[in-house]
Amino acid sequence: MGYDHIQVEIEAPIATVTLNRPKVLNALSPDLVREVTTALGGLEADESVRAVVLTGGPKVFAAGADIGDMADRSAVEQLRRDHTGRWAGVAAFTKPLIAAVNGYALGGGCELALMCDLIVAGDSARFGQPEVNLGIIPGAGGTQRWPRTAGKYVAMEVMLSGSPITARRAHELGIVNKVVPAEMTIEVARRMARQLAEKPPLALRMAKESVLKAFDSSISEGLAAERQSFYFLFSTEDQKEGMHAFLEKRKGVFKGR
Ligand code: CAA
């Protein structure tokens, strides 16, 4: 399928989705968002793909929602279009999703990175929520995901000041998994994706679901959901393969069944 604002490259068992509006620093227009969620829907269904890298390329991740597209919209128009609600398709993706971030990840761009499961940042990366400078607040999860990941005071600083933080600070705060030289970011993320792609897909899916549940439930609900997934996995061929491969001292081969 052809896209106008993104590129999708499948090198099974991984795929790379690249935001591609370089002239406006990958500003997240409604069309671009639609393309990303459509592409992820396709990759979700494609059994040959087991992990995905999401990147903006070598220079910039994304400088946020498209300000030109929003500047003169009314509240009712914004509500009807529910532009930020469409991002739910990214957060709902069930396979490992790794953000490879170079340069600016601002506003919706930062929120998009925070929807991913792992973040590899180039040393040039900058993460921030400058919405307050535009007279708005983040609308795609920033006010909720920052405090749950970095804590209240960091979240307040980022939201209220609108100033971005460096990749190193983001790493110290636990928002970024790895900081690497900018020219290595995408390759390191792909390497991580290939490593994950060798693992049992259903166990990965349940692990991801369980961790995300921790952001959204009481501990007793989370523990109950975790237990159900744990027992469920004993119904899979991959669990038998994983445990027998261990006992037979060989590498497991997993089918996602
Ligand atoms: N929307 C639309 N266009 C954007 C954009 C955005 N978010 N960010 C940058 N651009 C455009 C610029 O208008 C400029 O276009 P022209 O060449 O036609 O003038 C081009 O991209 C290059 O940008 P700059 O010349 O500004 O580049 P710079 O290197 O001097 O500055 C920057 C880079 C600091 C990221 C600056 O572009 C900037 O501050 N961008 C806006 C960041 C922002 O406020 N993001 C939040 C958006 S709101 C949001 O995301 C809401 C939400 O939660 C969903």
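Biologist: Happy to look at this with you! Which element do the buried residues of α12 pack against?
Modeller: This is a predicted model, so everything here is computed from it. In that model, the buried residues of α12 make their packing contacts with α10 (201-213). The partner you asked for is α10.

Biologist: Which residues of helix α12 are buried?
Modeller: Helix α12 covers residues 237-247. A residue counts as buried when its relative accessible area is under 20%. Within α12 that gives Asp-238, Gln-239, Glu-241 and Ala-245.

Biologist: Why do the buried residues of α12 line one face of the helix?
Modeller: Try looking down the axis of α12. The buried residues line one face because they fall within an arc of 165°.

Biologist: And which residue just after α12 takes a positive phi?
Modeller: Just past the end of α12, phi turns positive, at about 55°. The residue with that value is Lys-249.

Biologist: Stepping back, how many helices and strands does the protein chain have?
Modeller: Good moment to zoom out. The secondary structure of the protein chain adds up to 12 helices and 9 strands.

Biologist: What is the radius of gyration of the protein chain?
Modeller: For 257 residues, the globule rule gives 18 Å. The chain's own value is close to that, so it is as compact as a globular protein of that length. Its radius of gyration is 19 Å.

Biologist: How far apart lie the centres of the positive and negative side chains?
Modeller: The protein chain carries 31 positive and 30 negative side chains. Taking the centre of each set, the separation is 3 Å.

Methods. Residues are numbered from 1 along each chain as its sequence is written. This is a predicted model: local features need pLDDT of at least 70, side-chain atom pairs count only at pLDDT 80 or more; totals for chains, interfaces and linings use all residues. Side-chain values use heavy atoms; hydrogens and water are left out. Helices (H or I, at least four residues) and strands (E, at least two) are DSSP runs, numbered from the N terminus. The radius of gyration is taken over C-alpha atoms; the globule rule is 2.2 Å times the number of residues to the power 0.38. Lys and Arg count as positive and Asp and Glu as negative; His and the chain ends are not counted. The place of a charge is taken as NZ of Lys, CZ of Arg, CG of Asp or CD of Glu. Buried means under 20% relative accessible area, exposed over 50%, partly exposed in between (1.4 Å probe, protein chains only). The arc is that of the directions from the helix axis to the C-beta atoms. Contact means heavy atoms within 4.5 Å.
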